[in-house]
Amino acid sequence: MQSDIDSAQLQRRLTAIHKRMENACRFAGRRATDVRLLLATKTVDADRIAMAAQLGECMIGENKVQELKIKDEVLAPLQLERHFIGHLQTNKVKDVLQYAGCVQTLDRIGLAEALQQRLETETRMLDVMVQVNTSNEESKFGLAPEHTPEFIRKLHIFPNLRVTGLMTIGLFDADPERVRPGFAGLRELREEILREGLLDAAEFRHLSMGMSGDLEVAIQEGATIVRVGTAIFGSRNLPDSYYWNENIES
Ligand SMILES: *Cc1c(COP(=O)(O)O)cnc(C)c1O
């Protein structure tokens, strides 16, 4: 899978990412503590994730329920917040709830219904973020920005879902200025939702956006969580389309 990296190398890469995040915060006039790092750990084996946890990291995101399951034995005992950041099929709801404390990719009412039903059975709450397609690319999941406030209004009938923010996978482009409007759009969408009084600002506080190549732009535009994989764990054998496209089993 990814190139084998040892603990010293992992530490160097994590330090470099935190440095980039701090610099971006300073540049944007934000506090460094306002932005958290989520390790995007698809294809990364559990031992290497555990290594990152030992080095002080506390939040990961997985794209496949199956990967959460395989890594659970190693990861469950660790103090790690596990988020789900892939496309979630309704029939995987029970499994995802077993392994993840937050689903960042809520993108349809049917999924909200399935989560609510299961959460009622388990008498628990779940943190969710609504995934928005800010880049208008058909290959990406997520709601159109203009449908998002109405979608969030509908979520009020699911009392066991706590909507903590918005998530987006931005446009892929080496030019940050082409990526920026999508991120700015997510921030504006959050502001609009708050203005309409649909959610409480203290609870609905996250903007999950920005990855290895564009985390600085995301932080300038208000990201509270950046999701970084490649810049920490090295390149992946599987193309991202394997994780992001329609018609693919998760
Ligand atoms: C893989 C992935 C990331 C991280 O992307 P990198 O370019 O490897 O940093 C972020 N978000 C999601 C949803 C991902 O699937």
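Two exercises with worked solutions follow, on a helix pair and on the cysteines of a predicted model.

Residues are numbered from 1 along each chain as its sequence is written. In this predicted model, local features need pLDDT of at least 70 and side-chain atom pairs count only at pLDDT 80 or more, while totals for chains, interfaces and linings use all residues; side-chain values use heavy atoms, without hydrogens and water.

**Exercise 1.** Determine how helix 2 packs against helix 3.

*Solution.*
1. Helix 2 covers residues 46–54 and helix 3 residues 65–75 (helices are DSSP runs of H or I, at least four residues, numbered from the N terminus).
2. Their axes lie 9 Å apart, at an angle of about 50° (axes are lines fitted to C-alpha atoms over the stretch in contact, and angles run from 0 to 180 degrees between N-to-C directions).
3. Helix 2 is therefore oblique to helix 3 (angles under 35 degrees count as roughly parallel, over 145 as roughly antiparallel, 65 to 115 as roughly perpendicular and the rest as oblique).
4. In contact (heavy atoms within 4.5 Å), Ala 46, Asp 47, Ile 49 and Ala 50 of helix 2 meet Lys 71, Val 74 and Leu 75 of helix 3.

**Exercise 2.** Explain why Cys 25 forms no bond with Cys 58.

*Solution.*
1. A disulfide requires a pair of cysteine sulfur atoms within 2.5 Å.
2. The closest cysteine sulfur to that of Cys 25 belongs to Cys 58 and is 15 Å away, which is too far for a bond.
3. Across the whole structure, the search finds 0 disulfides.
4. For Cys 58, the nearest cysteine sulfur is that of Cys 102, 14 Å away.

Methods
Helix = DSSP H or I, 4+ residues; strand = E, 2+ residues; numbered from the N terminus.
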